[in-house]
Structure formats: structure tokens, C-alpha cells
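Reader: Hello! Could you take me through the aromatic side chains of this protein, with a close look at how their rings pair up?

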Amino acid sequence: MRVAIIGAGLAGLTTAKALLRAGHDVEVFDKAPDVGGVWSRTRRYPGLTTQSPKAQYSFSDFPMPREFPEWPTGAQVQEYLAAYADEFGVTPHVRLGTEVTSVVPDGGRWVVTTAAQGAAGFDRVVVANGVFCEPALPDYPGRAEFEAAGGRLLAGSDFHDVEDARGEHVLVVGYGKSACDVTVAISGVAASTDVIARQLLWKVPRRIAGVLNFKMLLLTRLGEALFRYRWLRGFEKFLHGPGNRLRRAMLNSIGTVSVRQFGLARHDLVPRGRMEDIVKNAIGLATEGFFEGVADGSIRVRRDQVIKRLFADNGPKAELADGTVLPAGLVVCATGFTQGVPFLPAPVQERLFDERRNFLLYRQIQPIGVPGLYFNGYNSSFFSPLNAELAALWIAADLAGALTLPPEAARREDAVAQVAFLDVATGAHHCRGTKIIPFSIHNADEVLGDLGVQLGRFTRFTHWLNPVAPAAYRSLPPKVLARLGSTPEPANAPL
């Protein structure tokens, strides 16, 4: 088949690799000038690093270079993804600087139109534009007056050069990882740096008590099992039954360590609630240097606050909800993203969402009632490359007619139930149904179950106490593709 893939981030690239190996004719479109999606040089803010360690943030058959640090920079991840595309013969199929403007069904096929190349027909379409595609920039009252006085308002992904903050009074809006990352970079050059935090989130140390890598606790099957999934299996039944007190103690002990290690009580930065509510309140890996900056006064956190308005009074300023007025030459908003598919026509979009505009995707991949359309990367997780890689195999298998799936009504019921579960499990902080944290491995198990393969029992057992290793899945993609009757691998593919 001829398949269009929209987006050349990690999900688009691994989908292209799988479909090429399965014998399909693939074209990948991306409006950026380089591959990488969120890691593109057009979207990287100063201080950007991965949240997961490099061993977990990698594909099964393509480890990150040994010389990369434990938490690679944004530039290093982009370099890694470009090398991945080269290694597996994907690069010649990528059309960079090519924005998709419309994707319209046409009989049993699709017409994909780009600004650069016009319209072309495809048998299938995979949407891999990413759930962190378009920044959500608040529309503050008084913005025109603020900017007329020389103030600047930017989304975090549009702030690329730390020198733009030199000597400025800077407000960073948000308290997630990206907000804290960019705050540390800015605080080294700005006249003042204030973080405007609507809600404090729990921050997990990269190394618990300065010693134990957090992946040993939270990136294991045991760590995932501490959070209640839709249904309980094996040891999970004990943890959420007779062992519930132990389970809660394990989670809350991380919170106790975080409070002590970062001096949160001393700086009035203890989040409301317990670490057990880690998912509902969202979780972020602590940025190195952030709490050190709070301690030395170079960073000030304004907790439980939002910007009420921007205005000008002897220079650009911002007023907070409590009436505090701050000088604000630069406001950087790390306030999340919108998940949109503007290139799809309204009749198609109506089938993608529930009444609250949550995506209804079976296995986070397949929309209900829209044949020939797939999504990948709409399963944001601690192991995003691995989850995207397995979703790509699922798509390849479905194209080959090799999946035995429930009837459409049952798939719709499952997708609705998944969103309802995430509402409870994450306090509705699931990015409109596209975030599967902290249930990354449950998702991988379900996708592999549809494909009829799984990791060996011993490997699965080792992942209960050791971090899940994407490399352990290396033998599964070739096994699935061989079953599909794939074509010979490209000449430049690794042995």
C-alpha cells in the first residue's frame, strides 16, 4: 500500500521503518526543517533534556550512543533520531519543510494535500504529528499594551536563545518539567526570575537521596503496579488488596525523601496531597539546579498564582491574582499544548472525539469508524520510543489483515472505558486521552497481546525489580514482521 505518515518525530520515524520493512510505499511529511518532532531545533528551549534516562528513552534495536549522558539534551535526542532514520533507510522517504494542509477521504483512499507539493492519493494515513504539537499560549488581558511597551510573551517551545533573557525581568508560567528546565537556564542571565505556579507538582529526584536512580523505583513493573490499573493481574491483586498499606508506604516514602532532599518545607513548596496522588497531580523529574536556585534566591516561586493581566506602567508589567505587580520584560509560558488535527475534515473529526473532545482511539492507535486512518505517538509515556515502536508493528499487522480485533462496538466501548478510567486515575490530567503515564508497560503488553507475542516470563520477572529495558524487546519486531511476509530489509539496515 501507499501510506502517508504525518510527522517525522519518533512515532513517525518508527512507523515508517516498520511499514517499509513490511513492503509498503511510505512518505513522511513534516513542516519542520529537520526530523525529531518535539526535539527539532525549531522547538527546543534552553535546558531541554529527556525525562526518562537514555536506556529507557530509546528504541529496542537502536541504543543511544554510550557517550551520551544519562539524561540526553534535546540536541542529542534530535541527533539520535536523525541517525535512526539514516540507519534504517527512512531518510529518503521524509519530506521536510512540507506542511500537510488537508487529509480528505476519497472512496477507499485518502487525498493528502501539502502546501509544497499539492495533492496526492494514498491508501492509508498515519497521524504522527504528536500530542505536544501546538503550544497553548494564554490570552492574557492587556497583551497589546504590554507588547507596545516592549514586553514579550512566548511559548516555551518558541524560546530558543537564553541570551534573549539577559538582563530582563522574566516570568516563567508553569511548574512542569519544561517550566523548571527553562527557568534554570534563564536564571543564570536574567535580572530576576519568577515562576508563576498555578499548582505545585511533586518533583522526583533524579537520584533518590542523591544515590538511587529514580528509574529503579518508578520505571519498573513493580513501580507501575503501585498505581491501580483498569484490571488487576497477579501480584497487583496483592498490592491493591492485602498489601495496600505497603504499597501506599512505598509511594509516600518517595514524597518524604523529596521534601527532605529539596528542602521543600523550608521554601513553602510542599505540594498539596500525598505522593500517592502522584498521577492525579502529575509528576515531573526535578531539574538539576532548580531548587538550588530557589535556595540561593536566583529563582522565586509564586505558588498558587496565575497572571491576571499584563499592562504597561513605566515599562511592561504583570499583575498576579493576589494583586502582586511584577516587572516583566519577558513572559515565557510553559503551559502545555493542544492536541489538534486541523488537516482532517469536520466529518472525520466528529468520529475521533467524545463529547469533551477526548480522543477515542482503540489501543491509542485506531479511531473508531474511520477505516484507513491510524494514530501513533498518541500514547505519551515514560517509554515513548518503545510504545511508539510497538504501535507501529500493530499498524503494520492491521494493514496485513493479521489482527483479530473485537467488533467495532466493542472497540468503541473499550476506548470510552479507557478515557473514563484515566479521568479517575489521573484526575483528568491525561492530555485528552493521549497520555498513558504511568501505565506504559500495561499498554505495551496489550499491544503485544493483539500481535500474539510477548516477552519471555523470565525477562518480565526481571523487569519487576529492574528498570524495563526496551532492548529486551529487540527480537519481537522481526518476529512479527516475518509473520507478515515482509520484504527483504534495506541494504543499510543493521544486522
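Author: Happy to; here is a walk through the aromatic pairs, with a little of their setting.

Please keep in mind that this is a predicted model. The structure holds 22 aromatic pairs. Take Phe59 and Tyr84 to begin with: their ring centres are 4.1 Å apart and their planes meet at 20 degrees, so this pair is stacked. Phe59 sits in the loop between β2 (25-29) and α2 (74-87), while Tyr84 belongs to helix α2, so the pair ties together parts that are 25 residues apart in sequence. Both Phe59 and Tyr84 are buried. They also have company, for Phe59, Phe62, Tyr80, Tyr84 and Phe88 form one aromatic cluster.

Now turn to Phe235 and Phe238. Their ring centres lie 5.3 Å apart with the planes at 25 degrees, and planes under 30 degrees apart count as stacked, so this pair is stacked too. Phe235 and Phe238 are three residues apart in helix α7 (residues 235-239), which means about one helical turn separates them. And how covered are they? Phe235 is partly exposed, with a relative accessible area of 42%, and Phe238 is partly exposed as well, at 35%.

For the wider setting, the protein has 15 helices and 24 strands. Buried residues make up 55% of its 495 residues. Among contacts with a separation of 6 or more, 67% are between residues 24 or more positions apart. The radius of gyration is 23 Å, which agrees with the value near 23 Å for a compact globule of 495 residues.

Methods:
Residues numbered from 1 in each chain as written. Predicted model: local features only at pLDDT ≥ 70, side-chain atom pairs only at ≥ 80, totals over all residues. Heavy atoms only, no water. Helix = DSSP H or I, 4+ residues; strand = E, 2+ residues; numbered from the N terminus. Rg over C-alpha atoms; globule rule 2.2 N^0.38 Å. Buried < 20%, exposed > 50% of the residue type's maximum accessible area, 1.4 Å probe, protein only. Contact = heavy atoms within 4.5 Å. Phe/Tyr/Trp six-rings, centres within 6.5 Å; stacked < 30°, edge-to-face > 60°.
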